[in-house]
Amino acid sequence: MSIVSLARSVKSANAKGAPEASGAVRVATLFAVLIAANATLQQDVGTPSIRYALPAGLVVAFAFSYYARFRPGFVVKMFLAVGMLAASAHFVSQLGGIGQNAAAAQRPLAELFLWTQLLHSFDVPARRDLRFSLAASTVLIGVGGVLSIASDYAISLGLWGAAAVSALALMHRSELAELPRPTQVAAPPARWRAMPSRALATSLGLTLATSFAVAGLIFLFLPASGTARAFTFPASLPNVDRIPGGGLVNPSLGGNGDGNGNANDPTSTGKGGDTPRASFGYVGFSTEMDTAARGRPDDTIVMKVRASKPGFWRGQSFDHWDGRRWTASSDKTKVVNGDGAIDLPVFEGAVQMDDSNEFIQTVYVEKPGPNLIFGAASASKLYFPDKSVLVLPDGTIRSGVSLGTGAVYTVVSKRPPADPAALAALTFNPLLAGQGLGQPARTVYTQLPADMPARVADLAASVTSSSPSLLGKVQAIEDWLGKNTTYSIDIPSLPANTDAVDHFLFTDKVGFCEQIASSLVVMMRSLGVPARLGVGYASGERNPFTGLYEVKASDAHAWAEIYFPGVGWLTFDPTANVPFADDGQVPLARNGLTDFLASRLGPVLSAVGRVVLGAGLLAGVGFIAWIVRRLYRRRQALAARSWPMVWNDRLDHIGRKAGHHRAAGQTARSFAEAVGFVGTDWDVAFAALDQAAYSDTQVPDPTRAFADELLRRASETVSASRK
């Protein structure tokens, strides 16, 4: 190819297309762009200026572009260049405050793309430019999907998909209208004249149906999100309200009315100036946990967690037991600093592990709660917007700022290996039960009340007597609890001056997680094994459409943390009687789909199930009756049709297969000749056809059979030629 030819090709490829005159194409494209832009703005993207300017600005820009589509556009392009420079400068200024957290650049980058989309919309004269806008809206809807953590984003996605498909179909139709029309093709029959509109509707329907089917198949076999190591670690704070002293505060538990910011009174009723406890407040997220307290939080979603597997989202632990209340023996905190990424210390009893055991969780706070950082044990790194956090000796992490709605942080945990077979092979030795812990820690984690009833320790010794390993003893107590006690959130009040564990084990034998987990901890301590009570949240329900675990207030949970020499602290959940309950895997995106749908559709189906079932049965019977009646009438109609009519329809069908359309008023013989069906045999067939249609004389059966066979051979010939 010569240089001149190459230059012409480049010029042709970059040539500006003819202005798009179709208003429908522009409106459909505008809707797609508007929906995608609004969906992205809803994810807390952009400053107030673009949130107000973008929706109206896009409409103005598309209108201006339509009316200026025939103008050269030099001035407009200069304006756009200046606008892009300003938007880029704004983006660079935002990058200066994100520190080392690359995830913080996501929203400024999305805002820059929104400005680019708005500015570009002022210069979309041709169809090619509109296609670029449509492609940009695809990127925008994807950006919004990445940032979204709610299922209702599917509404925006569906609306955008409908607008985008409509825009593509209208673009194609507009492009076809510009093509030259053939002049020697016969007009189609009258019943096919409305075919373009019908074909457009059919095309749209098939495209949408195919898209949903393909998306459904991809979803069924797509790996779950978060299975690979994350590139970015989201972290943000909508408000930075400092907590004086770095203590534990929990506004969801209400306040004591003294005006000093304390919010740790689980008995607050709202009287006398107190702030009442929120319906989603959990008494375990306080400086103490009283097992005599009754009542559970409701089903309010308090946070969402993006993680590759389920886990216990640990908040804190308690180590001192007085027979009714759990408290922490030490509230001494250590300030740990970092810029975006905070390296957390290795706590006493924890085992150093390499990066192969990393477990990454991003927590999205939905309701204001305690200033605890929730995450799987044992946390090794925290991505947090504030430059410091406070840590306690047991691994508890507190924020120095309040964690309200919209707060986001990422926890990287290195969980200790928990191989049941290897642990079961380790013989229990009381003298080595706390090996790896200092003597002060052993004393703290084996502490028991001096007045604890002896029968609690006797029961623990009896239940575990036949279990030689530490793991076996834990499992033996779990099995006994599972067989001899009952879980219930409706339990009797605890009598005064009563040991809660003793009363649960020997009197009530009914309790919820606090009583059950406390019993395991106390019984293991009676054997000389270091143990403590952990509190936090169970993993919650996995939303397969977002890939996030939706954690409700009712998922607040208490469990036992038991120390294994050489391994560290392991979590046991005697309430569910499932050791290592946080070791599950989520291989596919669809995991949890059945439970997710059942939890939402179940109540509806149970309420109206019988009505729906009855109506469905009646509708089914009616539909079958309608089909039978329709088939019967069709058979009658076919039987009533004469042989010439049937023969003519078959001839029309064969002609269409050959690429010919019968004109209005065209005779069968003329149409057959146009297709190429000529000869003596065809003369015989048409003579028989005329005799049957216009004469009272009956056409002999052999002649009718000959004409029918002629059509069959013609159909085979046409089909073979098309191959």
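1. Two strands are taken as paired if DSSP finds at least two bridges between them. In this predicted model, strand S2 (residues 301–307) and S8 are joined by five bridges and run antiparallel. Within S8, Val365 stands opposite Met303.

2. S8 also pairs with strand S12 (residues 408–414), again in the antiparallel sense, over seven bridges. Here Phe359 has Ser413 of S12 as its bridge partner. The strand S8 is mostly covered, with seven of its eight residues buried. The face of Phe359 is also occupied: Lys309 lies over it, at 5.6 Å from the ring centre.

3. Aromatic contacts come next. The whole structure holds 20 aromatic pairs. In one of them, Phe285 and Phe374 meet edge-to-face, with 5.2 Å centre to centre and 70 degrees between the planes. Phe285 sits in the loop between helix H8 (195–221) and strand S1 (288–290), and Phe374 in the loop between strand S8 (358–365) and strand S9 (379–383), so this contact ties together parts that are 89 residues apart in sequence.

4. How far are the two rings covered? Phe285 has a relative accessible area of 1% and is buried. Phe374 is buried as well, at 5%. Both belong to one aromatic cluster, together with Tyr282 and Tyr537.

5. A second pair worth checking is Tyr445 with Trp569. Their ring centres are 4.8 Å apart and the planes stand at 70 degrees, so this pair is also edge-to-face. Tyr445 is in helix H10 (residues 439–445) and Trp569 in strand S19 (residues 568–573); the pair links distant parts of the chain, 124 residues apart. Both residues are buried. Trp569 has a charged neighbour too, as Arg532 lies over the face of its ring at 3.9 Å from the ring centre.

6. On charged pairs, a search of the whole structure gives 19 salt bridges. Glu561 and Arg314 form one of them, with the closest N and O atoms 2.7 Å apart. Glu561 belongs to strand S18 (residues 556–564) and Arg314 to strand S3 (residues 313–318), so far along the chain that 247 residues separate them. Both partners are buried. Through salt bridges that share partners, Arg314, Asp394, Arg532 and Glu561 make up one network. Arg532 of this network is the residue noted above over the face of Trp569.

7. Two further salt bridges involve residues with some exposure. Asp290 and Arg325 meet at 3.9 Å, N to O. They link strand S1 with strand S5 (residues 325–327), 35 residues apart. Asp290, at 22% relative accessibility, is partly exposed, and Arg325 is partly exposed at 32%.

8. The other is between Asp44 and Arg51, whose side chains meet at 2.9 Å, N to O. Asp44 counts as exposed, with 51% relative accessibility. Its partner Arg51 is partly exposed, with a relative accessible area of 35%.

9. Which residues make the nonpolar surface patch of about 610 Å²? They are Phe623, Ile624, Trp626, Ile627, Val628 and Leu631. Leu631 lies in helix H15 (residues 593–640). Why does Leu631 count as exposed? Its relative accessibility is 52%, and exposed means over 50%.

Terms used. Residues numbered from 1 in each chain as written. Predicted model: local features only at pLDDT ≥ 70, side-chain atom pairs only at ≥ 80, totals over all residues. Heavy atoms only, no water. Phe/Tyr/Trp six-rings, centres within 6.5 Å; stacked < 30°, edge-to-face > 60°. Helix = DSSP H or I, 4+ residues; strand = E, 2+ residues; numbered from the N terminus. Buried < 20%, exposed > 50% of the residue type's maximum accessible area, 1.4 Å probe, protein only. Lys NZ or Arg CZ within 6 Å of the ring centre and 35° of its normal. Patch = residues over 30% accessible without salt bridge, like charges linked within 9 Å, V, L, I, M, F, W, Y side chains within 5 Å. Areas by Shrake-Rupley, 256 points an atom, 1.4 Å probe, with all protein chains shown as cover. Salt bridge = Lys/Arg side-chain N within 4 Å of Asp/Glu carboxyl O.
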